[in-house]
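I sat down with a fresh model and a notebook today. Here is what I looked up, in the order I went through it.

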Amino acid sequence: MRAFREAVEAGDAHAMETLLAEDVVFTSPVVFKPYAGKAITAAILRGVVRVFEDFRYIREINDPNGRDHALVFTARVGDREITGCDFLRVNEEGLIDDFMVMVRPLSGAQALAEAMGAQFDRIEKEARLRSA
């Protein structure tokens with residue numbers, strides 16, 4: 001999904017949010033229960049932008065029918081290198097309605113969990129403000 005990739009690479013949180021469906025479901029690489037809704041997903045993405053360093057997409061894989069996309073990335077959290085993938089599915093309107101992230105290695109996932117945990121009060125507050 002080229003528009004989402006460009007928004008992320010530009011660090012444009014507003015553009016990222018406009019590409020999310022209201023009923024988007026975000027599945028984290030480090031939390032068991034998925035998050036439902038545009039406000040919390042957008043807040044999580046803003047948190048990730050604050051946490052990841054040297055982020056870049058290195059590969060894009062698209063479904064010929066245009067609904068499923070995979071964006072492979074590299075990033076750093078503190079001193080840990082991460083390789084990951086954003087799995088995106090879009091609805092009939094072209095908005096992301098399913099967003100799952102996977103990362104490796106385990107030490108990178110643990111560093112990400114810790115860094116995002118430190119952000120989570122802010123993330124929840126941002127999501128509540130957007131939902132209101």
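My entries cover the pocket, the aromatic rings and one arginine.

**Entry 1: before starting.** I remind myself that this is a predicted model.

**Entry 2: the largest pocket.** I began with empty space. Rolling a probe the size of a water molecule over the atoms shows where such space is left. For the largest pocket I noted a volume of about 460 Å³. I then listed its lining and got 29 residues, with I44, L45, V48, V49 and F52 nearest the centre. Which elements give two or more residues to that lining? I found α1 (2-10), α3 (38-51), β3 (53-62), β6 (96-104) and α4 (106-131). Of these, α4 gives the most, with 5 residues. I also sorted the lining by character: 23 residues are nonpolar, 3 are polar and 3 are charged.

**Entry 3: aromatic pairs.** Next I searched the whole structure for ring pairs and found 8. I looked at F4 and F99 in some detail. Their ring centres are 5.5 Å apart and their planes stand at 80 degrees; angles over 60 count as edge-to-face, so this pair gets that label. The two rings come from distant parts of the chain, with F4 in helix α1 and F99 in strand β6, 95 residues apart. Are these two residues buried or exposed? F4 has a relative accessible area of 1%, which is under 20%, so I wrote it down as buried. F99 is also at 1% relative accessibility and therefore counts as buried.

**Entry 4: a second pair and a cluster.** I turned to Y35 and F120, whose centres lie 5.7 Å apart with 35 degrees between the planes, a tilted pair. Y35 belongs to strand β2 (residues 35-36) and F120 to helix α4, and 85 residues separate them, so here too distant parts of the chain are linked. I also marked a cluster in which ring pairs link F52, F55, Y57 and F73. One of its members, F52, was already in my pocket notes among the residues nearest the centre.

**Entry 5: R5.** I closed with an arginine in helix α1, R5. Is R5 buried or exposed? Its relative accessibility is 14%, so R5 counts as buried. What does its side chain meet? I found a polar contact of 3.1 Å with the side chain of E60. Leaving aside neighbours within four places in sequence, I listed Y57, R59, E60 and L71 as contacts of R5. Y57 I had met before, in the ring cluster.

Key. Residues are numbered from 1 along each chain as its sequence is written. This is a predicted model: local features need pLDDT of at least 70, side-chain atom pairs count only at pLDDT 80 or more; totals for chains, interfaces and linings use all residues. Side-chain values use heavy atoms; hydrogens and water are left out. On a 1 Å grid over the protein atoms alone, a cavity is a set of points where a 1.4 Å probe fits but cannot get out, and a pocket is an open set with protein on both sides within 12 Å along at least five of seven lines; lining residues have an atom within 4 Å of a point. Grid points are joined across faces, edges and corners, and a volume is the space filled by probe spheres set on the points. Helices (H or I, at least four residues) and strands (E, at least two) are DSSP runs, numbered from the N terminus. Ala, Val, Leu, Ile, Met, Phe, Trp, Tyr, Cys and Pro count as nonpolar, Asp, Glu, Lys and Arg as charged, and the others, Gly among them, as polar. Rings of Phe, Tyr and Trp (its six-membered ring) pair if their centres lie within 6.5 Å; planes under 30 degrees apart count as stacked, over 60 as edge-to-face and the rest as tilted. Buried means under 20% relative accessible area, exposed over 50%, partly exposed in between (1.4 Å probe, protein chains only). A polar contact is a pair of N or O atoms within 3.5 Å; within protein, one must be able to donate a hydrogen and the other to accept it, and residues adjacent in sequence count only if both atoms are side-chain atoms. Contact means heavy atoms within 4.5 Å.
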